[in-house]
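Colleague: I should like to learn how to read the features of a protein model. May we go through them in turn?

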Amino acid sequence: MSYLLPSLPYTYDAFEPFFDKKTMKIHHTKHHQTYIDNANSILEMYPELKKYTAEELMKHLDQIPSNKRLFMKNNIGGHINHSFFWKNLKMGTHLSGKLKEAIEHDFNNIKTFKEIFEKVAITHFGSGWVWLVLQNHKLVIVSTINQDNPLMGKVVSGTLGFPIIALDLWEHAYYLKYQNKKSDYIKAFWNIVNWEEASLNFLKQNN
């Protein structure tokens, strides 16, 4: 199969004033589409890889020739990360239930959780992502470089875990609106986190 740009269940201006329409449209139709186009170019060269979903291929990068492996990792990672990120956004949801209880247990309280998340995000150098992940039934906040994903495992991405929420730290995600005020962008994220989706992610892996 070839990879396709996922449609969004909301309009590009749905998250104003927190995420602006222009950035959302460019982010989705240009940046994400480029990752897909690049990944598909490798699939055309090696059609035997088309049997894998994007997530499966991420775990079989060793089947890609070494001279193309990093290129594919970056682009398949970009596709997977962004597909997850779009689902991660929704106005008007609230943190509750078992995920709220787990965050309070593993971080003492919600305020401390948000402070740690923001600190990891703001101190991450360069492009990448900040994640809330589930590791061995414990919630942990980690960051990855470029388009690495915790599902890639420690050897590939430097960390391991099942993603619950994620925030894009690449400048293309915020610079048109926030310029150098990265911390404002990070804090704005709390207004549009899709806690319903996050709770489903958590429950799926923590039964």
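Colleague: Is asparagine 136 buried or exposed?

Modeller: The model is a predicted one. A residue counts as exposed when its relative accessible area is over 50%. Asparagine 136 has a value of 77%, so it is exposed. Its place is in the loop between E1 and E2.

Colleague: What is notable about the phi of asparagine 136?

Modeller: Most residues other than glycine have a negative phi, and most peptide bonds are trans. Asparagine 136 is not a glycine, yet its phi is positive, at about 50°. A second case is asparagine 146, again with a positive phi of about 50°. Asparagine 146 lies in the loop between E2 and helix H6 (154-157), and its relative accessible area of 33% makes it partly exposed.

Colleague: Which peptide bond is cis?

Modeller: The bond from glutamate 16 to proline 17 is cis, with omega near 0°. Proline 17 is found in the segment before H1.

Colleague: How should I read the strands on either side of asparagine 136, and how many bridges join E1 to E2?

Modeller: In a regular strand the side chains alternate between the two faces of the sheet. Here, strand E1 (residues 128-135) and strand E2 (residues 138-145) run antiparallel and are joined by 8 bridges. The two strands form a hairpin with 2 residues between them, and asparagine 136 is in the turn. Glutamine 135 has lysine 138 in E2 as its bridge partner.

Colleague: In what sense do E1 and E3 pair?

Modeller: E1 and E3 pair in the antiparallel sense, over 6 bridges. In E3, phenylalanine 162 is the bridge partner of leucine 134. E3 is mostly covered, with 7 of its 7 residues buried.

Colleague: Lysine 138 has appeared as a bridge partner in E2. With which residue does lysine 138 form a salt bridge?

Modeller: Side chains of opposite charge can pair when their charged atoms come close. Lysine 138 forms a salt bridge with aspartate 106, and their closest N and O atoms are 3.9 Å apart. Because lysine 138 lies in strand E2 and aspartate 106 in helix H4 (residues 97-107), this pair ties together parts that are 32 residues apart in sequence. Lysine 138 is partly exposed, at 41% relative accessible area, whereas aspartate 106 counts as buried at 19%.

Colleague: How many salt bridges does a search of the whole structure find?

Modeller: The search finds 7. One of them joins the side chains of lysine 187 and glutamate 118, at 2.8 Å from N to O. This pair links distant parts of the chain, with lysine 187 in helix H8 (residues 182-188) and glutamate 118 in helix H5, 69 residues apart. Lysine 187 is partly exposed, at 47% relative accessible area, while glutamate 118 is buried, at 16%. Another salt bridge is formed by the side chains of glutamate 44 and lysine 50, at 3.0 Å from N to O. Lysine 50 is partly exposed, at 24% relative accessibility.

Colleague: Leaving aside its neighbours within four places in sequence, which residues are in contact with glutamate 118?

Modeller: They are Ile186, Lys187 and Trp190. Glutamate 118 itself belongs to helix H5 (residues 110-123).

Colleague: Turning to helix H1, where does H1 bend?

Modeller: H1 bends by about 35° at histidine 27. The helix covers residues 21-45, has 25 residues and reaches 36 Å from its first C-alpha to its last, close to the 36 Å expected. Histidine 27 is among the buried residues of H1, as are Tyr35, Ile36 and Leu43. The buried residues of H1 pack against helix H2 (54-58), helix H3 (66-87), strand E3 (162-168) and helix H7 (175-178).

Colleague: How many helices and strands are there in the whole protein?

Modeller: There are 9 helices and 3 strands. From the N terminus on, the elements run α-α-α-α-α-β-β-α-β-α-α-α.

Colleague: What does the radius of gyration tell me about the protein?

Modeller: For 207 residues, a compact globule would have a radius of gyration near 17 Å, and the protein agrees because its own value is 17 Å. The C-alpha atoms fill a box of roughly 50 × 40 × 30 Å, taken along the principal axes. Of the 207 residues, 49% count as buried. Among contacts between residues at least 6 apart in sequence, 68% join residues at least 24 apart.

Notes. Residues are numbered from 1 along each chain as its sequence is written. This is a predicted model: local features need pLDDT of at least 70, side-chain atom pairs count only at pLDDT 80 or more; totals for chains, interfaces and linings use all residues. Side-chain values use heavy atoms; hydrogens and water are left out. Helices (H or I, at least four residues) and strands (E, at least two) are DSSP runs, numbered from the N terminus. The expected span of a helix is 1.5 Å times one less than its number of residues. The bend at a residue is the angle between axes fitted to the seven residues ending there and the seven starting there. Buried means under 20% relative accessible area, exposed over 50%, partly exposed in between (1.4 Å probe, protein chains only). Contact means heavy atoms within 4.5 Å. Two strands pair if DSSP finds at least two bridges between them. A salt bridge is a side-chain nitrogen of Lys or Arg within 4 Å of a carboxyl oxygen of Asp or Glu. The radius of gyration is taken over C-alpha atoms; the globule rule is 2.2 Å times the number of residues to the power 0.38.
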